[in-house]
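Trainee: Please show me the model, and then we can go through it by question and answer.

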Amino acid sequence: MSATVFRNIGELTTNGDLGVLHDAALVLDGQRVVWVGADVDAPAADSSFDVGGRAVLPGWVDSHTHLAFAGDRSTEFAARMAGETYTAGGIKVSVERTRAASGDELRSLMAERIRTANVNGTTWLETKTGYGLDVETEERSARLAAEFGQDVTFLGAHVVPDGWDADDYVALVTGPMLQAVRPYVAWMDVFCERGAFDEAQSRAVLQAGLDSGLGLRVHGNQLGPGPGVRLAVELGAASVDHCNFLDNEDIDRLAASSTVATLLPACDLSTRQPFPPARSLIDAGATVALASNCNPGTSYTTSMAFCVATAVLQMHLSVEEAVWSATMGGAVALRRHEGELPIGGLMPGFRADLQVLDAPSVTHLAYRPGMQLTQAVWQAGVRLA
Ligand code: NIG
């Protein structure tokens, strides 16, 4: 192994017991962080990197994306900006385009989206199927997503495709489609919402996931109040995502559970939905993650910095809370915060996923929103950008 010491760190966000350190140093060896502390105490290493007083923080953990798609829906977006309401029906447009794309096209579209995410500081990313909605295209999306090696989620239950009875389609998703994607996925997801799947159908989808050994994630309470959060908590889902319409019981349920509330600020802007009650969730003790929700319909961005800035400027999180939610919060939502090679923090034993900002403090992420602040990125100890 070859150790590298990062010296002269103006502000180091560890997400651990050491909190935020100033005038700090960090050592990585191979793919792990092996030492963190005061710059004056930094041990010698094989090579040294002078950060020049800049801020260092964990790489973003983007725990909710839909990258396996072709085509765009900018016309639908423009109509929304002119006053149309978002409905789940637009998903079918992306399904048509995705089915029509070749495997090579889809692979290179995904690779480019991931490359862009990486250079902007994302070092771990979950992505979903859900624009195939037939056995062949869902299997292809899952297989291609797995080539990129991080968390892959099966979202066959995104909407009911044209020409299908909803219950027959649920039987397809929980039967042959699940069997086809199973080698490639770790998670089962369902869009539990008006215009998508009702409570009974969502329960059947999630139960099938559990029965085949998958972890659970839920799209819930995005377009109106509904059973998504309750179901997610009841079935022990790792995360329930969107959470725009929560009542006090939903907030209490989340606070008393290990289900993470994953909030998607870029999507809320693009759909003009009310922001979720982020402040109330955190104050009640719920674990909150922030994710990009990159998809062609409601959030065509992989920029986690944009999500952090929006969470601060519009959802009343402090910068520190937003950064935690976009790093460690995402790791908890994917159950990757502990174990053999945890992610989401910069502590000894954690995977060496880190970014250097061209700024002295993470405060600049919200103070200078939209600026390209990520200057350099290491993923598992390897420099990406
Ligand atoms: O997370 N809510 C469901 N799925 C996506 C939207 C997909 C689309 O409209 O294409 C989301 O926002």
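Trainee: Which residues does the domain assignment give to domain 1 and domain 2 of the protein chain?

Mentor: This is a predicted model, in which local features need pLDDT of at least 70, side-chain atom pairs count only at pLDDT 80 or more, and totals for chains, interfaces and linings use all residues. Residues are numbered from 1 along each chain as its sequence is written, and side-chain values use heavy atoms, without hydrogens and water. The bounds come from an automatic or database domain assignment. Domain 1 is 3-59 + 344-383, and domain 2 is 60-333.

Trainee: How many residues of domain 1 are in contact with domain 2?

Mentor: The C-alpha centres of the two domains lie 29 Å apart. Contact means heavy atoms within 4.5 Å. On the domain 2 side 21 residues take part, and on the domain 1 side the number is 22.

Trainee: Which side chain has an N or O atom 3.1 Å from an oxygen atom of the ligand?

Mentor: A polar contact is a pair of N or O atoms within 3.5 Å. The side chain of His158 has such an atom 2.8 Å from a ligand nitrogen, and Gln222 likewise has one 2.8 Å from a ligand nitrogen. For the ligand oxygen at 3.1 Å, the partner is Asn293.

Technical notes: Polar contact = N/O pair within 3.5 Å; in protein donor to acceptor, adjacent residues only side chain to side chain.
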